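Please open the structure in your viewer and keep the selection panel at hand, since this tour goes from one selection to the next.

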Amino acid sequence: MNVAVVGAQWGDEGKGKVVDIYSASAKYIVRFQGGNNAGHTLVVNGKKTVLHLIPSGILHPGKICLIANGVVFDPKVFFEEVEQLETAGALTAPAHEVIRVSERAHVILPFHRLLDRLREEHAAKDKIGTTVRGIGPAYEDKVARRGIQVIDLMHEDVLFKKLKSAIEEKNILLKHYFREPEIEIAPLFEECKRLGEKLKPFVTDVRGLLIKALAAKQPILFEGAQGTLLDVDHGTYPFVTSSSTIAGGIMTGCGVGAQAVSQVIGITKAYTTRVGTGPFPTEIEETEPDTAQLIRKIGTEFGATTGRPRRIGWLDLVALKYAAEVNGLTGIALTKADVLNDFKELKLCTAYRLGASTLHELPSSISDLEALCPYYETIPGWGHYDAAKIKSLRELPAELQNFITRIEKFVGVPVVLLSTGPGREETLIVKDPFSEV
Ligand code: IMP
């Protein structure tokens, strides 16, 4: 039984915690897309760990964490994270035995980070609000067939040739368009060789490893990063990230067939957040600023990667249904319902108004997305309850049960996990996807 966990909104849904919980049932935990633009916050025994690149399952002993070919890989960040885990005593085996990196993953180099920053600065009011980690420029090079892969770091001739042609082109852009100093090849080449040498023990054929694990029926957890609405094909383009964040990304990002994934769990908060710019139909920053402020404060809605305050809005059921469709969700993990404890009433978006029309689906055009006005259903809040005593959905306050049932009915997917706080123990597992047949 293999399970995928994907973000069903604009990221930051609490995937880190859910992945950490499901990791207990998996042997392999795999990142298949994105890079260190992700920020997965885990709280175990009251201790907080934030991971950006290494799969969140790393905090469980005996698990193997894989970084597959679909990831854009920043070696510098990777080694910083490995060191952080080692210093914290979080690894129970040598790092290279429990973390494996695909030969085919594309490498994020300093000029990718530089270009990401310069593009954002020059875009002024049209900027995307990226994490400035070089993600977009690294994927651009990959698709343009001039990217540097992890394996190239270990082959001097190929590395030099590829760096030379990449730098020649980047330097034209830097000098003539951005009016910035040019990049020198020699120090970068030396640094890449050094990182390649250091990386050797971690590098493997991740795809081959996964195929063997599948044949041996060893349980695998695929850990999505960002969220469905940030998907490069199916998100609110162009205000998206540069990878396939949806479950479909697993096939290309790992080199496995569709049958490798048996359950797809979509994570959603009980409300919505978004960082960066772009359309957000249920945003309440202007219409209900006090409520937005309150949710941000209680939910500590600040980016784990950049520290930016997240934009706040009500739960958008139309967008969630869309996420269920594009991912083929088999279950929903509902997080941060506790943030809304004691709210007198809550809102759920069930349709949109666009001019004189009522829409029941997310439109594709960016200008339509920006002009949407949500239709809300207002439902009563659930006050306070002792989450520690709750062992099943039926024991929850009736209003919270009603909230969950409304989501399930609208989206057509059952809630299989309810998170009631940041800790591992503050979780109600309704149905374990690893035990589904
Ligand atoms: P990039 O992935 O850094 O290129 O950023 C593109 C868009 O995706 C921006 O709006 C970012 O704020 C957003 N984004 C990227 N990673 C995350 C994430 O892990 N959580 C939430 N938003 C993200």
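Begin by selecting the ligand in this predicted model, and then display what lies around it: 16 residues surround the ligand, and the closest are Asp 12, Asn 37, Thr 131, Thr 241 and Arg 308. Keep the ligand in view and show the side chain of Thr 131, where an N or O atom is 2.6 Å from an oxygen atom of the ligand. Turn next to Thr 241, whose side chain likewise has an N or O atom 2.6 Å from an oxygen atom of the ligand. Add Gln 226 to the selection, and you will find one of its polar side-chain atoms 3.4 Å from a nitrogen atom of the ligand.

Now step back and colour the chain by domain. The domain assignment gives domain 1 as residues 3-103 together with 202-263, domain 2 as 106-199, and domain 3 as 266-435. Select domain 1 and domain 2, whose C-alpha centres lie 23 Å apart, and look at the boundary between them, where 26 residues of domain 1 are in contact with 21 residues of domain 2. Together these two domains bury about 2000 Å² between them, and 64% of that area is on carbon and sulfur atoms.

Which residues form a salt bridge with closest N and O atoms 2.4 Å apart? Select Arg 113 and Asp 74, which form this pair; one salt bridge is found across the interface of domain 1 and domain 2. Between the two domains there are also ten residue pairs in polar contact. On the side of domain 1 that touches domain 2, the elements that give two or more residues are β6 (72-73), α2 (75-87) and β7 (99-102), and the largest share, four residues, comes from α2. If you colour that side by residue class, you will find twelve nonpolar, eleven polar and three charged residues.

Two details of the backbone remain to be visited. Most residues other than glycine have a negative phi, and most peptide bonds are trans. Select Tyr 237 and Pro 238, which are joined by a cis peptide bond with an omega of about 10°; Pro 238 is placed in the loop between β10 (220-223) and α9 (249-254). Finally, go to Arg 145, in the loop between α5 (135-143) and α6 (156-178), where phi has a positive value near 65° in a residue other than glycine.

How values were computed. Residues numbered from 1 in each chain as written. Predicted model: local features only at pLDDT ≥ 70, side-chain atom pairs only at ≥ 80, totals over all residues. Heavy atoms only, no water. Domains from an automatic or database assignment. Contact = heavy atoms within 4.5 Å. Buried area = accessible area lost by both parts, 1.4 Å probe. Salt bridge = Lys/Arg side-chain N within 4 Å of Asp/Glu carboxyl O. Polar contact = N/O pair within 3.5 Å; in protein donor to acceptor, adjacent residues only side chain to side chain. Nonpolar A, V, L, I, M, F, W, Y, C, P; charged D, E, K, R; others polar. Near = heavy atom within 4 Å.
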